[in-house]
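Visitor: I should like a close look at a single part of this molecule, namely its salt bridges. Please set them in the context of the whole chain.

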Amino acid sequence: MRADLHLRLSRLLRLSLLAALVATAVSLPPTPARAGLGDSLPRGTFLIDAAYIYAQTNRQFDKDGKSVPLLAPVERYEAGAGLQGIIRAKPVLHQQIVALQLLYGITDRLTIGFGGPLSLSTVIYTNLGWEPGDYQASLGRPYSESDFWEWAASMGQGKPKARAESNVNAWGDLVLALRYRLPETEWMLKHHLSWTVTLQGALPTGREKDPEELVEIGTTAWWLHNYGDLELHLAADWRPYWTGDVSRLTFSGEVYYTYNRTRTYDTPRGTKHPLLLNHAPFVGDTYRINGGDWQVGRAQVEWAPFIGPTLGTWMTKGSVEAARRFPPLLTLMVQYTFVNLQPTVWESDYDLWSIDQAEFWGKGFKHIFAAQATLSLLRVGAPVMLYVRGRSLDLVPGRNMRPANAITVGMRLLAKFW
């Protein structure tokens with residue numbers, strides 16, 4: 001009975017399981033010389049990419065693709081009697097992140113990259129509510145919200161905070177990546193096709209949530225749910241109107257596989273929330289989560305509506321001809337990504353608890369739509385590219401996922417010292 005009580009109460013505010021809420025891109029960006037999903041930097045070129053990302057989510061798509069609150073209502077019953085009431089919560093999460101990347105062109109075909117997300121803050125508003133239940137003869141009225149939390153407080157459990165902030169200036173899992181542009185055949189060169197392979201892995205540098213905190217998430221790849229522990233990408237770009245200098249139109253496609261390792265976590269012991277987070281006596285000292293692997297497909301179109309002026313500057317030693325190989329002044333991009341999600345598996349000493357935790361995280365998928373505008377100043381003598389990007393995961397409902405919509409504003413700086 002004690003285990004069942006903890007199991008039921010843990011559903012009340014299971015904000016400790018808010019994975020997949022935050023979206024932040026940490027993969028290699030397009031190169032400055034061309035466009036597409038799979039180009040490499042020119043030999044000896046450095047690229048620094050810094051972007052501010054604001055992400056927000058307040059709902060989830062269930063196994064049927066129906067939009068529901070992040071937390072299901074919890075019915076509370078009087079022992080051997082009627083309904084005390086229903087606890088309802090409509091939590092909203094706000095995440096601010098700076099994504100930093102450093103890339104270097106080892107050769108014209110091989111690029112190495114290093115970077116990761118720096119969380120500025122995570123703010124969660126719990127938005128708790130109460131729906132009164134049946135008439136209680138002992139009170140002469142139904143339970144009120146204050147009645148319930150007074151009962152919980154009598155056992156050492158206070159009402160969760162309405163606003164909780166965490167992950168202030170906290171790093172996520174850093175990413176190391178290698179991208180190689182494969183040699184083109186004569187037919188591919190004739191039809192302006194190129195393809196690349198990318199291997200990237202995440203280092204375990206992110207912050208895990210405090211197991212005793214109720215309203216909190218971490219910053220690892222598991223929590224951000226936008227990149228995995230190990231990924232293998234294959235991308236292709238087609239430039240049907242390639243002039244030899246730039247392309248006004250680029251079609252790109254990419255497929256990749258994401259591996260997510262099993263992670264071990266300390267089980268909460270109720271030091272701060274004795275009713276809501278005291279799982280260790282029946283779950284065990286630790287439990288394990290395997291987030292499930294992903295299979296991903298992506299399609300992208302880039303269009304350059306405005307090439308812009310082309311000047312011979314210090315960057316090209318006065319050569320206008322060399323400046324023509326820089327990207328257009330303005331480039332617009334639209335992108336669609338489909339992510340197939342394998343089920344997440346919980347393992348612990350208490351099978352019922354493990355099954356309950358994994359109930360939402362069955363097999364699912366995401367539909368991700370993104371659009372970006374990039375302003376490149378390379379043609380006029382400034383080694384700077386500015387961009388703004390929007391990303392949505394709820395235009396088309398997914399399954400067993402939480403859509404985090406995001407806006408990104410970023411800047412790329414280029415340098416070549418030899």
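Guide: The account below begins with the chain as a whole, turns to the salt bridges, and then passes to the cores, a loop and a surface patch.

The model is predicted, and its confidence should be stated at the outset. The mean pLDDT of the chain is 88, and 92% of the residues reach 70 or more. Residues 1–33 require caution: pLDDT stays under 50 throughout this stretch, although the model gives it 137 contacts beyond four places in sequence.

Along the principal axes, the C-alpha atoms of the chain fill a box of roughly 90 × 35 × 35 Å. Seven helices and 24 strands are assigned in the chain. Of its 418 residues, 53% count as buried. Among contacts with a separation of 6 or more, 75% are between residues 24 or more positions apart. The accessible surface of the chain comes to about 18500 Å², and carbon and sulfur atoms account for 61% of that area.

Now to the part requested. Side chains of opposite charge can pair when their charged atoms come close. The structure holds 21 salt bridges, and three of the pairs are described here in turn.

The pair of Asp 39 and Arg 239 has its closest N and O atoms 2.4 Å apart. This salt bridge links distant parts of the chain, 200 residues apart: Asp 39 belongs to the loop between helix H1 (2–10) and E1, while Arg 239 belongs to the loop between strand E15 (230–238) and strand E16 (249–259). Both Asp 39 and Arg 239 are buried.

A second pair is formed by Asp 229 and Arg 263, whose side chains meet in a salt bridge at 2.8 Å, N to O. Asp 229 is in the loop between H4 and E15 and Arg 263 is in strand E17 (residues 262–266), so the bridge ties together parts that are 34 residues apart in sequence. Why does Asp 229 count as buried? Its relative accessibility is 10%, and the category of buried applies under 20%. Arg 263 is likewise buried, with a relative accessible area of 6%. Asp 229 and Arg 263 also take part in a network of salt bridges, in which they are linked with Asp 173, Glu 208 and Arg 261.

The third pair joins the side chains of Lys 159 and Glu 145, with an N to O distance of 3.1 Å. Here the partners are 14 residues apart, with Glu 145 in helix H2 (145–153) and Lys 159 in the loop between helix H2 and E11. Lys 159 is partly exposed, at a relative accessible area of 45%, and Glu 145 is partly exposed as well, at 25%.

The nonpolar interior may be set beside these charged pairs. The largest nonpolar core has 21 residues, of which Trp 222, Tyr 265, Val 283, Tyr 287, Ile 289, Trp 346 and Trp 353 touch the most other members. At least two residues of this core come from each of helix H4 (221–224), helix H5 (280–283) and strand E18 (286–290). Beyond its neighbours within four places in sequence, Val 283 is in contact with Thr 267, Ser 348, Asp 349, Tyr 350 and Trp 353. A second, separate core has eleven residues, including Leu 71, Leu 128, Trp 130 and Ala 152.

The loop after strand E11 offers a point of backbone geometry. Most residues other than glycine have a negative phi. Asn 167, however, has a positive phi of about 55 degrees, and it lies in the loop between strand E11 (163–166) and strand E12 (170–171). Asn 169, placed in the loop between E11 and E12, also has a positive phi of about 55 degrees. The burial of these residues is another matter: Asn 167 is buried, with a relative accessible area of 3%, whereas Asn 169 is exposed, with 55%.

Finally, the surface carries a nonpolar patch of about 460 Å², made by Ile 48, Leu 102, Leu 375, Leu 386, Met 411 and Leu 413. Ile 48 lies in strand E1 (residues 45–57) and counts as partly exposed because its relative accessibility is 45%.

Technical notes:
Residues are numbered from 1 along each chain as its sequence is written. This is a predicted model: local features need pLDDT of at least 70, side-chain atom pairs count only at pLDDT 80 or more; totals for chains, interfaces and linings use all residues. Side-chain values use heavy atoms; hydrogens and water are left out. Patches are made of residues with over 30% relative accessible area and no salt bridge: like charges are joined within 9 Å, nonpolar side chains (Val, Leu, Ile, Met, Phe, Trp, Tyr) within 5 Å. Accessible areas come from the Shrake-Rupley method with a 1.4 Å probe; for residues, only the protein chains shown count as cover. A salt bridge is a side-chain nitrogen of Lys or Arg within 4 Å of a carboxyl oxygen of Asp or Glu. Helices (H or I, at least four residues) and strands (E, at least two) are DSSP runs, numbered from the N terminus. Buried means under 20% relative accessible area, exposed over 50%, partly exposed in between (1.4 Å probe, protein chains only). pLDDT is the predictor's confidence in each residue, from 0 to 100. Contact means heavy atoms within 4.5 Å. A nonpolar core is a set of buried Ala, Val, Leu, Ile, Met, Phe, Trp, Tyr and Cys residues joined through side-chain atoms within 4.5 Å.
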